Amino acid sequence: MSLFKARDWWSAVLGEGEEFDQGCLCVGDVDNGGSGHDKLVVGSYMGMLRIFSPHSSKSGEELPAEAQLLEVQLQNAIIQVEVGKFVSCSELLHLAVLHPRKLSVYSVSGTSGNVEHGDQYQLKPVYEHNLQRTACNMTYGTFGGVTGHHSLCIQSMDGMLMFFEQDSYSFGRFLPGFLLPGPLVYNPRTDSFLTVSSSRQLESYKYETLAVATEAESRQDPDLPLKTGGKRLMPDWTFVLGEQALDISVPSFSHSSSSIFVLGERNLYCFRDNGQMRFMKKLEFNPSSFLPYASVTDGSTHLLLGNHTNMLQVYQDVTLRWAAQLPFAPVTVRIGNFPELRGVVVSLSSDGHLLCSYMGTDPSFFATPKVDAREVDYEQVDAEMRKLQKFIREASRTQDILPKGDGEEELIIAAAVSSSMDSPSKALIPEIDGLPVPSVTVQVKVKASCVLRASQLTVGILPPLAVTQDQFVLEPMGVGSSTVVTFSAFLNGRYPPADLTGDITVSYSSATELNPEGVPRVLLSRFSLPLALVCVPVSPAKTTKFKITVDTNQAPVDLNAIFPEFSGKSEDKDGNSLAFQFLSGATVTVVASKTSQRYRVQSDGFDNMWLVVKELVQRFDRHFSKLGVKDFKKSFSGTLPLQEYFLSVDHHFQLRVSAQQYQDLLSERAVQFRAIQRRLLTRFKDKTPAPLQNLDTLLDATYNQVMALAEAAQETRELLDEAFVRLRSSTHLLVLLLSLGHGLTPDQTAILEATLLPLLQDTPQLGWEESCDAAVSHLLRTCLSRSPKDQATSLAHLGGPVLSLPSDTSRLKKHITLLCDRIAKGGRLTLASEANVQVPAQVQNLAAPGGVEPIAEGAADGGELDLSQGAAKFIKKKQPSKKARKDKKEASRETSETSMKDEVGAAEESEREVKREKKESKKDSSSSKEKKESSKEKKEKDKEASKESGEKKATKKSSVKVKEKKKDEPEAGEN
């Protein structure tokens, strides 16, 4: 039982197909029973008038018909019902019913029954008024200060207020500037009427002003002079709301003696009687109805507020005090007092659901009986404790974020890839370098175990692969029905893909008890495309640049049996070698050793070998599992090809730098182009002719530069996409070799792959280099750190630098080298170790923001990950001069092979530094203390030197910037 749910005390469903609105419900002692208990009077647009006297029964299964006192079918639609003293010379309450063209006043009387059928009630008409205009709503009160009886005021659809005093018509007045009718209410404290006009402002008209105004025989233009001797009708005060009002309420209880409440479409307003605003509350939902009621605390006002999300909220002024869930959106809310319960909330929906409810919980009078004391069986208690502790340990191991679903799936997705290629092919590119581009058909079967109204299927596949159609709208399915979707996949680029898998996502809505419309759900399935989609068999190549050797513990296998779809066109019938040529032109050769249990994969491109090595390892697993071999193992014992991997990293980084340079140049030329356009426009608008001074020639030249730069930027972006796919292939191959070489578990392999490939797509805002560097640095600081103290200190460090494009890749390559080195030494990749580290007390004191210094990894790690301020100043002093930067730019335009060789040499030097620092770390602790003392003295000297040179740097700063700007301008023009 939810605490925040309205408790159903009594409810009824009124008719079928009837409509109800704001004025169709009123609460009062309409039959003048004298007991002080209220009755419910409900009228519908179908002309049905019902009166109820709800009361709870002991059985709790009372039918609504037993509480119904009266049901009468009237001839016209019922717009509004009110209970008041509408008959002269009578203190009894009567019922006023407003129809579109008639106002009727009835008396409700009851006769005590002598039989078991109960009392009998009758509805007798007292008087009625036929209206000349179509009515919209009405209000009642003691107009003009007359006591003892109530008068009625009806607002018509064309803006006329018609006043009735009991059975006689008093007068009528047209509201000025009227367009559409709004809510109308009478304020007895000021003897005025409140309404919201079409100009979205709250207006107040005194009854005295309305009485002496111009007689409303016909609607007149307010700008024309008056035809009679009356005064022009003007509001007493106005307030601009800026939105249409749904309802107005003037509470009459003493706590809010001067409050006027207005419910808008987005806000709740409270005004004083003179039009001054007390407060305003901005609503975060669409309201449907509201009702102020008397509060226990003096000085504050409570009100009920219903909205279209089926919620009933209780506010104290502007503070939300309670919220209760209703089974519908209430169009009107009232409070009534009934025999068994006082203060019942009565709500009515637009389709006739009448509910009497209360908020809170039902009181429980159950008392726990006393039990006889008995001896405790400690062995049983210990067994139960061990059992509970076992459950707790198992629950703590599984750190599932999403809750586990039911055993039976609502949808079952089965994807089947055709074993043969399509004929004819459906590829967009018919052939690449003379080789035809094939396509393969994928058939997806969706089977439903429940009723699905609307669902959508999406096919996700990474470039350069593409599909014929990636969006499908599925028809509604019943229980046990199925739908089949077919599409074709093909290669849509001139380079091999990094992954041959695709995702199928089905989004649908599942109906629940609380949400019959349905809760959004997503189901994911994956399919794998064949290797023959991107390559064809060729003759093996003898000389290659890159080689990888995979070791196994089983006898050599015939490669033609492992790759049967490529064996038909292979020239080697012995099955010792097999070659694959990608459609882009690259060739990968697989050679099986005749004497040992090794397999060599070789190619001219490092990234080209990934798909073949992955397919070879997977097919080995399937082949030996079919043979029943359980102890099959595969490994990689060679040197990790980091230098070859860094070639792909450098190539991708150089293209990112080029793309950024093209973007900057394009922005500069665009600014220049717009400036020339403004100059030309000023010349053309000038009435005095003036020479253009070659502005048109400059405009044409700038336009040509903009177009050329845009084409170059687009071409660079395409090359960058291809480089990122090749980098993904190289990264996947490196992760596989690390997993084979060091026996990583599937979970550790997944962590390593997520670290080295944090992005699936490369964007100008966030690139692979900075994301991978941050992820690798996190692993080096946490699970791969050298000591638990360093790990705890890194966990206490809050925040981090903003990710941006680095200046070079040396830092990233150093971190990747450290990562591979620590994994080779037995480092354990895990994410759960972060939660198990106990933070020392001295580290906890540094957990405040700004209290943690950048953490060094130690001398054996090849330097600090985060540079201190002194090191940063040292690097700034060692920056190259302008001539060196120019030479660096000219050197960067040389061929990529020389730059790649230099980077390989730099990587080798970093490895030598790591080995040298490892030897130095094995020295005595005494020497390390002396080094620390000397380093502290050196830092103090550097700080003093930096303070002295600070003033000199400040004077030279502006001049250096001007010189650099002057030198950069011709360079930008040359580019």
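**Exercise 1. Decide whether arginine 656 and glutamate 769 are buried or exposed, and describe their contact.**

Step 1. Both arginine 656 and glutamate 769 are buried (buried means under 20% relative accessible area, exposed over 50%, partly exposed in between, with a 1.4 Å probe and protein chains only). The model is predicted: local features need pLDDT of at least 70, side-chain atom pairs count only at pLDDT 80 or more, and totals for chains, interfaces and linings use all residues. Residues are numbered from 1 along each chain as its sequence is written, and side-chain values use heavy atoms, with hydrogens and water left out.

Step 2. The two side chains meet in a salt bridge, 2.7 Å from N to O (a side-chain nitrogen of Lys or Arg within 4 Å of a carboxyl oxygen of Asp or Glu).

Step 3. Arginine 656 belongs to helix α6 (residues 642-685) and glutamate 769 to helix α9 (residues 768-781), so the pair links distant parts of the chain, 113 residues apart. Helices (H or I, at least four residues) and strands (E, at least two) are DSSP runs, numbered from the N terminus.

**Exercise 2. State how many salt bridges the structure holds, and examine the one between glutamate 71 and arginine 50.**

Step 1. The total is 24 salt bridges.

Step 2. In the salt bridge of glutamate 71 with arginine 50, the closest N and O atoms are 3.9 Å apart. The pair links distant parts of the chain: glutamate 71 is in strand β5 (residues 68-73) and arginine 50 in strand β4 (residues 48-52), 21 residues apart.

Step 3. Glutamate 71 is partly exposed, because its relative accessible area is 43%, whereas arginine 50 counts as buried because its value is 4%.

**Exercise 3. Locate the salt bridge of lysine 614 with aspartate 499, then describe helix α5.**

Step 1. The closest N and O atoms of lysine 614 and aspartate 499 are 3.5 Å apart. Lysine 614 lies in helix α5 (residues 609-626), and aspartate 499 in the loop between β36 (482-491) and β37 (501-510); the pair links distant parts of the chain, 115 residues apart.

Step 2. Aspartate 499 counts as partly exposed because its relative accessibility is 21%.

Step 3. The 18 residues of α5 should span 26 Å at 1.5 Å a residue (the expected span is 1.5 Å times one less than the number of residues). The end C-alpha atoms of α5 are 26 Å apart, which agrees.

Step 4. The buried residues of α5 include Trp610, Glu615, Arg619 and Phe624. Just after α5, glycine 628 takes a positive phi of about 85°.

**Exercise 4. State how many aromatic pairs a search of the whole structure finds, and classify two of them.**

Step 1. The search finds 26 aromatic pairs (rings of Phe, Tyr and Trp, its six-membered ring, with centres within 6.5 Å; planes under 30 degrees apart count as stacked, over 60 as edge-to-face and the rest as tilted).

Step 2. Tyrosine 186 and phenylalanine 193 form a tilted pair, 5.1 Å centre to centre with 50° between the planes. Tyrosine 186 and phenylalanine 193 are buried.

Step 3. Tyrosine 269 and phenylalanine 271 form a stacked pair, with 6.0 Å between centres and 15° between planes. Tyrosine 269 counts as buried because its relative accessibility is 3%; phenylalanine 271 is buried, with a relative accessible area of 0%.

Step 4. Ring pairs link Phe143, Phe163, Phe171, Tyr186, Phe193 and Tyr207 into a cluster.
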